[in-house]
Amino acid sequence: VQLQASGGGLVQTGGSLRLSCAASGGTFSSYNMNWGWFRRVSGEERELVAFIRGSGGGNRAYYADSVKGRFTVSRDNAKNSVYLQMNSLKPEDTAVYYCAADMSPLTILSGLYYARGYDYWGQGTQVTVSS
């Protein structure tokens, strides 16, 4: 399974960007996939931004406190895709953003908060917010 992320770029403080990530190859059930978005600032650990559960988890979305109310994660199962709408962007949102997928419908909720809970990763897309 390959994940292809896109949509990063340069934006001013207060602006918006929409990241996309599509899965292809292999055999999987898009409906059962748990999707995550992480980000990493150079020299730091990868941190969770948001994730959205598959149908087994009611397609519920969860967010890091730092992005609640500003970011929205959504999915389109027909397109094997996940999106991250980022509004009211701040300079501290500057990072490389990664999408990730967990294929198991049995993954417990707590496992999705950590990078190790995901099986596949996209290549990363740079988001830069200028002040």
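**Reading a predicted fold, one feature at a time**

Visitor: Let's start with one residue. What is the relative accessible area of Asn59, and how do I read it?

Guide: Asn59 has a relative accessible area of 36%, which makes it partly exposed. The cut-offs are under 20% for buried and over 50% for exposed, so a value in between counts as partly exposed. Keep in mind that this is a predicted model.

Visitor: Where does Asn59 sit along the chain?

Guide: Asn59 belongs to the loop linking β5 to β6, and β6 covers 61-63.

Visitor: What is the phi of Asn59, and how should I read its sign?

Guide: Here's the general idea: a negative phi is what most residues other than glycine have. Asn59 isn't a glycine, yet its phi is positive, about 55°.

Visitor: Which residue in the loop between β8 and β9 should I look at next?

Guide: Go to Ser88, which is in that loop. Ser88 also has a positive phi without being glycine, with a value near 50°. Ser88 is partly exposed, since its relative accessible area is 41%.

Visitor: And which residue has a positive phi in the hairpin of β4 and β5?

Guide: That's Gly43, with a phi near 85°. The hairpin has 6 residues between its two strands.

Visitor: Let's stay with β4. How many of its residues are buried?

Guide: β4 has 7 residues and 6 of them are buried, so the rest of the structure largely encloses this strand.

Visitor: How do I read its strand pairing, and how many bridges join β4 to β9?

Guide: Look at which strands are bridged and at the direction they run. β4 and β9 are antiparallel and joined by 7 bridges. β4 also pairs with β5, again antiparallel, over 5 bridges. Phe38 lets you follow both pairings: its bridge partner in β9 is Tyr98, and in β5 it is Leu48.

Visitor: Now the interior. How many residues are in the largest nonpolar core, and which have the most contacts inside it?

Guide: That core has 28 residues. Trp35, Trp37, Val49, Phe71, Leu84, Met86 and Tyr97 have the most contacts within it. Several strands contribute at least two residues each, including β1 (2-6), β3 (17-24), β7 (71-76) and β8 (81-86). Apart from this core there is another one, of 7 residues, with Phe38, Phe51, Tyr62 and Ala100 among them.

Visitor: What does Phe71 touch, leaving out residues up to four places away in sequence?

Guide: On that basis its contacts include Arg39, Val49, Tyr63, Leu84, Met86 and Tyr97.

Visitor: How many disulfides are there, and how do I read one?

Guide: The structure holds 1. Ask which cysteines it joins, where they lie and how the bond is twisted. Here Cys21 is joined to Cys99, S to S 2.0 Å. Cys21 is in strand β3 and Cys99 in strand β9, so the pair ties together parts 78 residues apart in sequence. The torsion about the S-S bond is about 55°, so this disulfide is right-handed.

Visitor: Is Cys21 buried or exposed?

Guide: Cys21 is buried, at a relative accessible area of 1%. Cys99 counts as buried too, at 0%.

Visitor: How about β11? Which residues are on its covered face and which on its uncovered one?

Guide: Thr125, Val127 and Val129 make up the covered face, while Gln126, Thr128 and Ser130 make up the uncovered one. For its pairing, strand β2 (residues 9-12) runs parallel to β11, with 4 bridges joining them; Leu10 stands opposite Thr128 there. β9 runs antiparallel to β11, and 3 bridges join these two. Tyr97 has Thr125 of β11 as its bridge partner.

Visitor: How do I read empty space, and how many cavities of 30 Å³ or more are there?

Guide: The general idea is to roll a probe the size of a water molecule over the atoms, which shows where space is left empty. This structure holds 1 cavity of 30 Å³ or more. The largest cavity has about 30 Å³ of space, and its lining includes Asn32, Asn34, Arg53 and Pro105.

Visitor: One last residue: is Ser30 buried or exposed?

Guide: Ser30 is buried, with a relative accessible area of 5%, and it lies in the loop between β3 and β4. Leaving out residues up to four places away in sequence, Ser30 touches Arg75, Asn77 and Asn80.

Key
Residues are numbered from 1 along each chain as its sequence is written. This is a predicted model: local features need pLDDT of at least 70, side-chain atom pairs count only at pLDDT 80 or more; totals for chains, interfaces and linings use all residues. Side-chain values use heavy atoms; hydrogens and water are left out. A nonpolar core is a set of buried Ala, Val, Leu, Ile, Met, Phe, Trp, Tyr and Cys residues joined through side-chain atoms within 4.5 Å. Buried means under 20% relative accessible area, exposed over 50%, partly exposed in between (1.4 Å probe, protein chains only). Contact means heavy atoms within 4.5 Å. Two strands pair if DSSP finds at least two bridges between them. A disulfide is a pair of cysteine sulfur atoms within 2.5 Å. On a 1 Å grid over the protein atoms alone, a cavity is a set of points where a 1.4 Å probe fits but cannot get out, and a pocket is an open set with protein on both sides within 12 Å along at least five of seven lines; lining residues have an atom within 4 Å of a point. Grid points are joined across faces, edges and corners, and a volume is the space filled by probe spheres set on the points.
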